[in-house]
Every structure is written in C-alpha cells, then in structure tokens.
Amino acid sequence: MRASSVTGRFTTLIGSLLAVAGCSTAPARVQLDIAPEQGIRWPAAPDPARITFLGEFRTPADLGVTKTAWQRISDLVAGSAPDALVQPMAVVATDDRGRVYVADPGAGVVHVFDRTRGRYRRLQAEGHQPLPSPVGLALALDGRLFVADSKLNQVLVAAHGATVLRALPLQATLSQPTGLAFDDATGRLFVTETGAHRISAFDATGRLIERIGTRGAGSGEFNFPTYLWLDTDRLLVTDSLNFRVQVLDAQHRPTGQLGSLGSAPGNLPRPKGVAMDSGGHVYVVDALLHDLQVFDGSGALLLSLGSQGSGPGEFWLPNGLWIGPDNTIYVADTHNRRVQVFRYTGSTP
C-alpha cells in the first residue's frame, strides 16, 4: 500500500473522530453555590443550620467538565483508564474551587477536574503507567500536586498543568506513605509513614529534617497513623489503630486528642480523613460509623451526620476529607464511588 493512501485514510479517520468529538454536548454544571436554605441541612429545622449539602460528583460531566477533542481521540484509538470515580480515597481542591483532584487507586490515576477551564484529565506515573495505590494528596499554592503512593513507597509530584507525575527525590526511604500535608510558609512536606508509625518532614530540597513519633499508645505515639491536616500552628494526625486524632503544636509536641474506641457519636472506631474549617472546628470521617463528625477545639463533639447508605449525607466507608478556606467540605465517599460536597454555614468565632 502506498504511503499517500495510508496518509489519506489516517486523515479521514482523524477527521471522522474529530467530527464525533465535536458533536458531543457539554454537560450542565453542578451548582455548588446554592443558598443554605435551599439544600439539605444538618441539624434539621428548627435548629439553626450548620452544614448544608451542595451536591456530589462521580464523573467529569457532574462538574461540567469534559476532555479535549485530542484526548477523546487518543482514548478511542488506544483505550484509557475510567473517567468515573472507582475508589476515591483522597480529595483536594484549589482555594477558588477551580480545580478538584481525586486520588483513585481503583482507576490507578489522580483525576483532575478543572472547572475553571471546563476540562478533565488524568494523572499517572511517567510513561502513563497506572499508579498502584495513590492514597494521599497535598496541594501547594503554586499549583504543585503531591501524591503519596503506599505501594510504590514514593511521593510523586506534578506542577500545575503537568501531564504526568514524577517521583519526588526525597533523601530517605519511606515505609507505606499515606497522608500528606504541605506547609507553604516553610516549603516543608509532611508524610505519614503508616508502616513505620511516624510522621516524616522534608525540606524544599527533599532533605529529611524531622521524624515525629514512635509506635505506641501514649501521647505523641502512633499506631498505624494515616491522614494529616496542617493548620497555622497545629498538625492533626489520624492515629488510626489508637482510635483517635492527635493534635500537635507548632513544635510538633502533643497537646491533645479527640475520639476513642466505641460505636457512639464522638467515638472513632475507624477514623480516616481529618480537616479543620476557618472557625477552628475539627472534622473527622469514620469508615466504620459511616459518618462525618465535627468537634470543637477542645475535642467536644458538636455534630454528627451520616449513616450507611447512598443518599445525600449518607456514606459507605468514607476516607479522604478536604475543607477549603470558604468552608466547602469534600468527602471521598469511597464505596459509593463519589465525592460529596457540603459547606459549613454556621457562625464562626
């Protein structure tokens, strides 16, 4: 077959695929800015609303984003990983909610929902290799995304707009990295090493500068820690098999804890994601209780919402949690294969 004939047929194929891609209708955006009185809320009336349900998403279409024509052509020709969430484990978002990232071991990718540009893409390792276990995320203000893969024993990084994740050259061997937190003020990256029962801190060059904690049940000790949340002067650590969240001060000394083993609200038999809102309230999702619990700064329970199910405000083995500066709350509802979105609408100190 002559080269001109092959070229002509390839051009025709590309033209046909572009025509198909161009005919697709852009999905309607999910409205995440509804007024508090319009949504499902907790607690129920007549009590003042504290948390309002804003929506959920499983696919790019649910957030009003889509692929470029060339991405769709590539998928048609070569195949691709799923676009829909399969096993969402962690979620982070930019301060303006313009981009949302979801770590998904089931799909072997990090999903990138760019609501500002109306685009969707997937992040994988170099060579477009699937990620075996992306379970932790952190986002820097300059747009860098950090991903902890617990099977690769690596933290990977991608600059804003990058198409692949590359291993971060940390000057230490990691043992089952899971939770991440990044300090923009100092450039320090905190990594939970679940297999070593500690938190490791690295500077901007990747040099190990501190290791926090050892295995145990005492104050400042950990038993399979997982998720992290970094506040201005506090580091929150999900101390999973001690059934609690520990609070460390700016010098990483233990100052308190919340939760305990049990099955009632206020207990944390299987704590997962942890986060804080602008008012200093501490949020924890619990995978065994299938709920989202809210505590005050002293560790007293303020509110518990959720039970096992698939409706709004119901969960099935939830994991990751993220709260933006405008108090938008994202929960990785893992076995429901979705992310639920809420907002804290109560008063703040």
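In this predicted model, strands β8 (residues 145–149) and β9 pair antiparallel through 5 bridges. Within this pairing, D149 of β8 faces Q154 of β9. The two strands form a hairpin with 4 residues between them. N153 in this hairpin adopts a positive phi near 55°. Strand β9 spans residues 154–158 and is mostly covered, with 4 of its 5 residues buried.

On to the next pairing of β9. Strand β10 (residues 164–167) runs antiparallel to β9, and 2 bridges join them. V157 has R166 of β10 as its bridge partner. This pair of strands also forms a hairpin, here with 5 residues between the strands. In its turn, G161 shows a positive phi of about 90°.

These strands belong to an open sheet of 8 strands with mixed pairing. The order is β3-β4-β5-β6-β10-β9-β8-β7. Strands β3 (90–93) and β7 (134–139) stand at the edges; each has a single partner strand, so one side of each lacks a neighbour in the sheet. From one strand to the next, the twist averages 25°. At the β3 edge, 4 bridges connect β3 to β4 (residues 99–104) in the antiparallel sense. There, V92 is bridged to Y101 of β4.

Strand β2 (residues 51–57) contains T52. The relative accessibility of T52 is 1%, so T52 counts as buried, the cut-off being under 20%. The side chain of T52 makes a polar contact of 3.5 Å with the side chain of T345.

Methods:
Residues are numbered from 1 along each chain as its sequence is written. This is a predicted model: local features need pLDDT of at least 70, side-chain atom pairs count only at pLDDT 80 or more; totals for chains, interfaces and linings use all residues. Side-chain values use heavy atoms; hydrogens and water are left out. Two strands pair if DSSP finds at least two bridges between them. Axes are lines fitted to C-alpha atoms, for helices over the stretch in contact, and angles run from 0 to 180 degrees between N-to-C directions. Buried means under 20% relative accessible area, exposed over 50%, partly exposed in between (1.4 Å probe, protein chains only). A polar contact is a pair of N or O atoms within 3.5 Å; within protein, one must be able to donate a hydrogen and the other to accept it, and residues adjacent in sequence count only if both atoms are side-chain atoms.
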